[in-house]
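Open the model in your viewer and keep the selection tool ready. This tour goes stop by stop and says what to look for at each.

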Amino acid sequence: MANKLTQIAPPQGPATALIYNDWYPAMRGDGLREKKLATTVLMDIPMVLGRRSDGRIFAMRDLCPHRGIPLSYGWFDGQKLTCKYHGWSFDPCSGQCVEIPSLTSRDTLDPKRIYGTAFPCEERDGYVWVYVPAPGSGRVAADEALPPVPELPKFSTKFRSQHLTAELPCNVDHGIIGLMDPAHGPFVHQSWWWRKQASIHEKEKHFEPIEQGFRMSSHTPSANSAPYKLLGVYGKAITTTIDFVLPNRRYETVRAGDKWFSSITTVTPTVANACRIDVYAAWNIFYHVPFVTAIATFFGKRFVEQDQVTMIQQADGLRYDPALMLIDDADRPAKWYFALKQARLEAEKNGGPVRHPMDGPMTLRWRS
Ligand code: FES
Ligand SMILES: [Fe+2]
């Protein structure tokens, strides 16, 4: 199977299909302060976000249902959101209109039957996660069963954490396959403190299908080497798993005895043909241990910046909508992603389960 070239058909143009009916991180929650409104674009939807005086956060489509002016131009008193144009007021958590100032006692129109679009939203790991239903599917009922809100797995109550973000000028597919691409490491991330091109060697990794995604598992046999001693897990095995789960999440877990490092990385569509990468990591491994600094650097700012710069450069080429290639085995995870995404879009259209492209566990080999 090695070296088989596959065209992405149809070629990845400037935009791509989006996966709805799921949770996406809109922004960090600490940006939402009382009586202040924040705006962002998520899944090509303009959004206005805020925090009510009772602490509850909200995310509304930033368009007044009356005449379409962005609600963010209006006023927020900590309770209701009032449109700047004709003063309609909304409860921003439900989207329900609570007041239309122009109505007289002779009017029969009940403002409470009018709704702006409010999206379910929850805070996890410091992010505002917003549930985005398929366009045209109507209001999400308060009692509708939604998938669980994504959250970083943590393995002890005490831990340190860090978050990073970077805007990418390419569609979400390129962001995601860039994230799972093992072959760019020695080139994009080459540096003396990480690794050099000369260190490229053959790797063998085991993958298995999981629900709407796949897992790379590596089990390092226990060794009595210095890094293990430094970790304080002398003689204990280090296990690493990396999961990719639709629509856009990569979870990495490193565990050695009671020491752990965990991260969640998401690639979220913002405006059409652009996305944002968010990394949130937590760990209970001590900072001052040299070996751990290497791990932290791996997930560090520099690392994400190197990806970002490369994808900005890639966008220079993608503008011309070129035909692209996915090669075995290094691009096999990218192929799984495209197949899973297709299966999910089909399942949402026609009903039925998401058909998994993997038959069972698989071993991939590449040099990196
Ligand atoms: S446009 Fe918002 S109240 Fe009229
Ligand atoms: Fe990278």
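Helices, of at least four residues, and strands, of at least two, are DSSP runs numbered from the N terminus. What you have on screen is a predicted model.

**Stop 1: two cis peptide bonds**

Select leucine 246 and proline 247. The peptide bond from leucine 246 to proline 247 is cis, and its omega is near 0 degrees. Now show the flanking strands. Proline 247 sits in the loop that runs between strand E16 (238–245) and strand E17 (249–256).

Move on to aspartate 328 and aspartate 329. The bond from aspartate 328 to aspartate 329 is also cis, with omega near -15 degrees. What lies on either side of the loop that holds aspartate 329? Strand E20 (325–327) is on one side and helix H6 (332–350) on the other.

**Stop 2: positive phi outside glycine**

Select lysine 35. Lysine 35 is not a glycine, yet its phi is positive, about 65 degrees. Its loop connects strand E2 (22–28) and strand E3 (38–42). Is lysine 35 buried or partly exposed? Lysine 35 counts as partly exposed, because it has 13 C-beta neighbours inside 10 Å.

Next, aspartate 125. Here too phi is positive in a residue other than glycine, near 55 degrees. Look for aspartate 125 in the loop between strand E11 (121–124) and strand E12 (127–132). Aspartate 125 has 20 C-beta neighbours inside 10 Å, so it counts as buried. The cut-off for buried is 20 or more.

**Stop 3: strand E19 and its partners**

Select residues 275–283, which make up strand E19. Why is E19 described as largely enclosed by the rest of the structure? Because 9 of its 9 residues are buried.

Show the side chains. In a regular strand they alternate between the two faces of the sheet. Cys275, Ile277, Val279, Ala281 and Trp283 point one way from E19. Arg276, Asp278, Tyr280 and Ala282 point the other way. Both sets are buried.

Add strand E13, residues 160–168. E13 pairs with E19 in the antiparallel sense, over 9 bridges. To check the register, pick glutamine 162: it stands opposite alanine 281 in E19.

Then add strand E18, residues 259–269. E18 and E19 are antiparallel as well, again over 9 bridges. Which residue of E19 is the bridge partner of threonine 265? It is valine 279.

Follow the chain from E18 into E19. The two strands form a hairpin, with 5 residues between them. Stop at asparagine 273 in that turn: its phi is positive, about 65 degrees.

**Stop 4: an open sheet of four strands**

Select E6, E7, E8 and E9. They form an open sheet in the order E6-E7-E8-E9, with antiparallel pairing. Its edge strands are E6 (75–76) and E9 (97–99), each of which pairs on one side only.

Zoom to E6 and strand E7, residues 81–82. E6 and E7 pair over 2 bridges. Phenylalanine 76 stands opposite leucine 81 in E7.

Finish at tyrosine 73. Tyrosine 73 is in the loop between strand E5 (57–61) and E6. With 14 other C-beta atoms within 10 Å, tyrosine 73 is partly exposed. Draw a C-alpha to C-alpha distance from tyrosine 73 to leucine 63: it is 9.8 Å, for residues 10 apart in sequence.

Key. Residues are numbered from 1 along each chain as its sequence is written. Chains are lettered from A and ligands numbered from 1 in the order in which they are written. This is a predicted model: local features need pLDDT of at least 70, side-chain atom pairs count only at pLDDT 80 or more; totals for chains, interfaces and linings use all residues. A residue is buried if 20 or more other C-beta atoms lie within 10 Å of its own, exposed if 12 or fewer, and partly exposed in between; C-beta atoms are placed from the backbone. Two strands pair if DSSP finds at least two bridges between them.
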